[in-house]
Amino acid sequence: MKGCERHFDTRSNNRNVFLESCSATGLSSETPAGRHFNPGHSLEVAWFLLLMCDAVGGSETHTKIALDVISGSLNLGWDDQYGGLFYMMDIEGEPLLDSTVMADGKLWWPHTEALIACTLAYTITGEAKYLAWLQKVHDYTYSTFVDRNVEGGTEGTGEWFGYCNRDGTLARTSKGGNYKGFFHVPRALLMCIQLVEAWEASK
């Protein structure tokens, strides 16, 4: 949990995100690595932290950090022009020097992390903003990544595409490969169902 605190960035306008890299002396924007922000990873670590607080007894401070990061990551990582989460960003708006996939592209897995994070945050807090974000992420995800033209299947039940351009058009038509395997999608769907079922049972 202390490691999460070290990566927690509130230096500018309370942006409230987890950055990818932190030096021994703390966060720094002097290098490209120090400015690297991946919205999907930030959201994933935030929901990890919320579950850790429940499992091993975290503090109100850690819970607040996690919830603030969920909001901050969505606000900063969301593409207001085309919708969806950017794959990666320079936190100071500088050009990215290295990007294995198009930096402004839209990938499936950050959106699965957002679905989990929003569902968990809402079931914990009941705050409407997390439900609103969940609906926004859900709508974008299911209109962009889900293959709705599965022969012999029900509309909207197909496997997810993995890689889209910034405007949501397909960058690759394959649905699996070295990096997109049978992990992020089923984990997200199963966790969201389980979280909602547990929340409803507790009411």
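The exercises below concern helices, aromatic pairs and nonpolar cores in a predicted model.

Residues are numbered from 1 along each chain as its sequence is written, and side-chain values use heavy atoms, with hydrogens and water left out. Local features need pLDDT of at least 70 and side-chain atom pairs count only at pLDDT 80 or more, while totals for chains, interfaces and linings use all residues.

**Exercise 1. Helix H6**

Task: Check the length of helix H6 (residues 184–202) and state which of its residues are buried.

Solution:
- Helices (H or I, at least four residues) and strands (E, at least two) are DSSP runs, numbered from the N terminus.
- The expected span of a helix is 1.5 Å times one less than its number of residues.
- For the 19 residues of H6 this gives 27 Å, and the end C-alpha atoms are 27 Å apart, so the two agree.
- Buried means under 20% relative accessible area, exposed over 50%, and partly exposed in between (1.4 Å probe, protein chains only).
- His 184, Val 185, Arg 187, Ala 188, Met 191, Cys 192 and Leu 195 of H6 are buried.
- Seen down the helix axis, the buried residues of H6 fall within an arc of 165° and therefore line one face. The arc is taken from the directions between the helix axis and the C-beta atoms.
- Helix H2 (39–56) and helix H4 (108–125) are among the elements that cover these buried residues.

**Exercise 2. Aromatic pairs**

Task: Describe the pair formed by Trp 78 and Trp 133, then the pair formed by Tyr 140 and Phe 145.

Solution:
- Rings of Phe, Tyr and Trp (its six-membered ring) pair if their centres lie within 6.5 Å; planes under 30 degrees apart count as stacked, over 60 as edge-to-face and the rest as tilted.
- The rule yields nine aromatic pairs.
- Trp 78 and Trp 133 are edge-to-face, at 5.5 Å centre to centre with 70° between the planes.
- Trp 78 lies in the loop between helix H3 (60–77) and strand E4 (89–90), and Trp 133 in helix H5 (residues 128–144), so the pair ties together parts 55 residues apart in sequence.
- Both Trp 78 and Trp 133 are buried.
- Tyr 140 and Phe 145 are also edge-to-face, at 6.1 Å centre to centre and 75° between the planes.
- Tyr 140 is buried at a relative accessible area of 10%, and Phe 145 is buried at 0%.
- Trp 78, Trp 133, Tyr 140 and Phe 145 belong to one aromatic cluster.

**Exercise 3. Nonpolar cores and Trp 108**

Task: Find which element gives the most residues to the largest nonpolar core, and place Trp 108.

Solution:
- A nonpolar core is a set of buried Ala, Val, Leu, Ile, Met, Phe, Trp, Tyr and Cys residues joined through side-chain atoms within 4.5 Å.
- The largest core has 47 residues, and Trp 108 is one of those with the most contacts inside it.
- H2, H3, H4, H5, strand E6 (163–164) and H6 each supply at least two residues of this core.
- H4 gives the most, with 10 residues.
- Contact means heavy atoms within 4.5 Å. Leaving aside residues up to four places away in sequence, Trp 108 touches residues including Phe 145, Trp 160, His 184 and Val 185.
- Another core, of six residues, lies apart from the largest one and includes Leu 19 and Phe 86.

**Exercise 4. Thr 144**

Task: Place Thr 144 and name what it touches.

Solution:
- Thr 144 is found in helix H5 and is buried, with a relative accessible area of 13%.
- Its C-alpha atom is separated by 6.1 Å from that of Gly 168, 24 residues apart along the chain.
- Not counting residues up to four places away in sequence, Thr 144 touches Cys 164 and Gly 168.
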